[in-house]
Amino acid sequence: MAATKAGQVVFPKDFLWGAATAAYQVEGGWNADGKGPSIWDTFTHQKGLGRIKNDDTGDVACDSYHKYREDAALIRQLNLKSYRYSVAWSRVQPLGKGAVNQAGLDYYKRLTDAVLEAGARPLVTLYHWDLPQALDDEGGWTNRDTSDRLAEYADIVGRALGDRINHWAILNEPKTFTHLGYWEGIFAPGHKDPLQMLKATHVVNLSQGKAFRAMKAINPKFQVGSVCDVANMVPRTDSEADKVAAERYHRFLNLWFLQPVLDGTYPDVLPADQRDALLGFQPGDEKVMRADYDMVGLNYYTRWVVADKPEGNGVPGLNTSHEWGEGPHAKTDIGWDIDPDGFHDTLVRMAKAIGNRPIEITESGAAYNTPLVDGHVKDEKRIEYMKAYFAALSRAIQDGAPVRAYHAWSLMDNFEWAQGYTQRFGLTYVDYKNDQKRTIKDSGLWYAKVAKNNGF
């Protein structure tokens, strides 16, 4: 059990300290060796629309497709015992179905071998937002067939890499890629239709159940779960309406992709007489969605300030609005509130919903855009951020949250989606103008000591 003694924050024996990345954000090699286009390739290549700051793309990113051995060296230098990374679906199946690109699978074999040689456990995410463009052309996540395609893809990857990898996350942050990709339009594929988004959320939940069974059919001993991003939902005012709105958002954001998988039901948000039609729910779907996860990954960054919105927001029954960065809290450079108490409270609350399954913090971190000066990055603010969040994590473990791992976002600076390269979340500085040269920041050196000592 984690404990705080005499000014020290320590963690349970065998706690895993790690870092995370995602394929599109670090790999580059966007069309190398037979890789097909993804929705993010398409989205970023449509220039002049103001979608991505500076019209940046992930075409090169950190060039991890070629520099993965340098990434593995960072893993060892930082004393990491877990590395979370993702597989690019269209690198393995260029069209999202049918023919397999062996060169893509071979890359992930080489990468995984390098991670293992660095002394870290691979935790591999099957899908981190980069849907093959060919599947999007057929409706993407609004098309129920995509759930079968994900299961087929999971089978291919699991069979190819299952001799090296035992720990798997099916999806990363389904709330974010459905809401921002289908409702708000600021992430790929850039749609702005709340009713389309609702159908996408249901296909995603079907996909989780199908992919889980596909992986377990390969090896029942695989540890399989999925990753949800969660937030502390804070009512904007003390009014009863805002308090109820914050609870609605907890159900719609924090539970929407967990409750259906764990018990086959949706949280109470949509009008009961409209739910099935809005979701495209068919008889038997409650069984298809079910999966007895071995673990659950949670990503936590900041709090959401939530208010009642009686006029609605396009989602029947939701009637809610939210803001980030509102109020007196100190902010990171991206403008998100620093909220360690919310981290503690959300973990304790989510642990009850997850039902004693092991939890891994699969992402948490902060954007601080401290420059590289004379070969050093003196990012003290990130160190202070981590101290506060790690103390909150320790308290959450003491209070019963069964957290067994923490993965810092991110191993290195990378392509930060709509923010392009303007926000730096990395423990390692990447010099994009100098052949993506990597330099461990002061925060990375501090984190390496935490990982070595299992506390601070």
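Which backbone nitrogen does the side chain of Asn313 reach at 3.1 Å? The answer is given in the first of the close-up views below, each of which shows part of a predicted model.

**View 1. Asn313 in the loop between strand 8 and strand 9.** Asn313 is found in the loop that runs between strand 8 and strand 9, the latter spanning residues 320–323. The side chain of Asn313 reaches the backbone nitrogen of Val315 at 3.1 Å, and this side chain also reaches the backbone oxygen of Thr320, at 2.7 Å. Because its relative accessibility is 17%, Asn313 counts as buried, the cut-off for that class being under 20% relative accessible area. When neighbours within four places in sequence are left aside, the residues in contact with Asn313 are Trp183, Leu318, Asn319 and Thr320.

**View 2. The two residues of the "active site" feature, Glu173 and Glu363.** In an unreviewed entry, UniProt places the feature "active site" at Glu173 and Glu363. Although these residues are spread over 191 residues of sequence, they cluster in space, with a largest C-alpha distance of 10.2 Å. The lining of the largest pocket includes both Glu173 and Glu363.

**View 3. The surroundings of Glu173.** Glu173 is found in the loop between strand 6 (167–172) and helix 8 (174–183), and at 6% relative accessibility Glu173 counts as buried. Apart from residues up to four places away in sequence, Glu173 touches Trp129, Val227, Asp229, Asn299, Tyr301 and Glu363, so that the other residue of the "active site" feature is among its contacts.

**View 4. The surroundings of Glu363.** Glu363 lies in strand 10, which comprises residues 359–364, and with a relative accessible area of 4% Glu363 is buried. A polar contact of 3.1 Å joins the side chain of Glu363 to that of Arg84. With neighbours within four places in sequence left aside, the residues in contact with Glu363 include Ala20, Arg84, His128, Asn172 and Glu173, and also among them are Asn299, Tyr301, His407 and Trp409.

**View 5. The residues of the "binding site" feature.** UniProt, again in an unreviewed entry, places the feature "binding site" at Gln25, His128, Asn172, Tyr301, Trp409, Glu416 and Trp417. The lining of the largest pocket includes Gln25, His128, Asn172, Tyr301, Trp409, Glu416 and Trp417. Two of these residues, Tyr301 and Trp417, are taken up in the views that follow.

**View 6. Tyr301 and its polar contact with Glu363.** Tyr301 lies in strand 8, which covers residues 295–308, and counts as buried at 12% relative accessibility. The side chain of Tyr301 makes a polar contact with the side chain of Glu363 at 2.6 Å, a residue at which UniProt places the feature "active site". Not counting residues up to four places away in sequence, Tyr301 touches Glu173, Trp336, Asp337, Glu363, Ser364, Gly365, Tyr385, Tyr389, Trp409 and Phe425.

**View 7. Trp417 and its polar contact with Gln25.** Trp417 has its place in the loop between strand 11 (403–409) and strand 12 (428–431), where Trp417 is buried, with a relative accessible area of 3%. The side chains of Trp417 and Gln25 are joined by a polar contact of 3.3 Å, and both residues belong to the "binding site" feature in the UniProt record. Leaving aside neighbours within four places in sequence, Trp417 is in contact with Tyr24, Gln25, Trp40, Ile52, His128, Trp129 and Phe187.

Notes: Residues are numbered from 1 along each chain as its sequence is written. This is a predicted model: local features need pLDDT of at least 70, side-chain atom pairs count only at pLDDT 80 or more; totals for chains, interfaces and linings use all residues. Side-chain values use heavy atoms; hydrogens and water are left out. UniProt positions are given in the numbering used here, feature names are shortened, and annotations may be inferred rather than shown by experiment. On a 1 Å grid over the protein atoms alone, a cavity is a set of points where a 1.4 Å probe fits but cannot get out, and a pocket is an open set with protein on both sides within 12 Å along at least five of seven lines; lining residues have an atom within 4 Å of a point. Helices (H or I, at least four residues) and strands (E, at least two) are DSSP runs, numbered from the N terminus. Buried means under 20% relative accessible area, exposed over 50%, partly exposed in between (1.4 Å probe, protein chains only). Contact means heavy atoms within 4.5 Å. A polar contact is a pair of N or O atoms within 3.5 Å; within protein, one must be able to donate a hydrogen and the other to accept it, and residues adjacent in sequence count only if both atoms are side-chain atoms.
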